[in-house]
Amino acid sequence: FSLSQNYPNPFNPTTVIRYELPANSVVKLAIYNLLGQEVATLVDEREDAGEYSVQWDAAGVSSGAYFCRLSATNSRDASKTFLQVHEMLLVK
């Protein structure tokens, strides 16, 4: 499992987030503000193994730091869960 740093970072107003799954997984990719509130859900579904990229358009949120959180649970073995977080900076 791998979550890459978004590009570009800092960004305005769109950025691309890439991640890789080595096995079929239930995936949630979400964006959180500094208060821990979820401001966007970009992916929330089962996905096959492979490389993925998602674009986030942050035009509707204010400038500041945000956190991108990838949670992926192996479809065959629910005890294998991957969790990674990256900080992103939106500058308007």
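Leu70 stands opposite Gln84 in β7, in a predicted model where local features need pLDDT of at least 70, side-chain atom pairs count only at pLDDT 80 or more, and totals for chains, interfaces and linings use all residues. Residues are numbered from 1 along each chain as its sequence is written, and side-chain values use heavy atoms, leaving out hydrogens and water.

Strands here are DSSP runs (E, at least two residues), numbered from the N terminus, and two strands pair if DSSP finds at least two bridges between them. Two pairings of β6 are listed here.

| Strand pair | Sense | Bridges |
|---|---|---|
| β3 and β6 | antiparallel | 8 bridges |
| β6 and β7 | antiparallel | 10 bridges |

A hairpin through 6 residues links β6 to β7. On the β3 side, Ser25 stands opposite Asn74 in β6.

Now to the core. The largest nonpolar core (buried Ala, Val, Leu, Ile, Met, Phe, Trp, Tyr and Cys joined through side-chain atoms within 4.5 Å) has 20 residues. Tyr19, Leu29, Ile31, Trp56 and Met88 have the most contacts inside it. Among the elements giving two or more residues are β2 and β5 (50-57), while β6 gives the most, with 4 residues.

Finally, meet Thr15, in strand β2 (residues 14-21). Thr15 counts as buried because its relative accessibility is 1%, the cut-off being under 20% relative accessible area with a 1.4 Å probe, protein chains only. Its side chain makes a polar contact of 2.9 Å with that of Asn6; such a contact is a pair of N or O atoms within 3.5 Å, one able to donate a hydrogen and the other to accept it, and residues adjacent in sequence count only if both atoms are side-chain atoms.

Note on methods: Buried means under 20% relative accessible area, exposed over 50%, partly exposed in between (1.4 Å probe, protein chains only).
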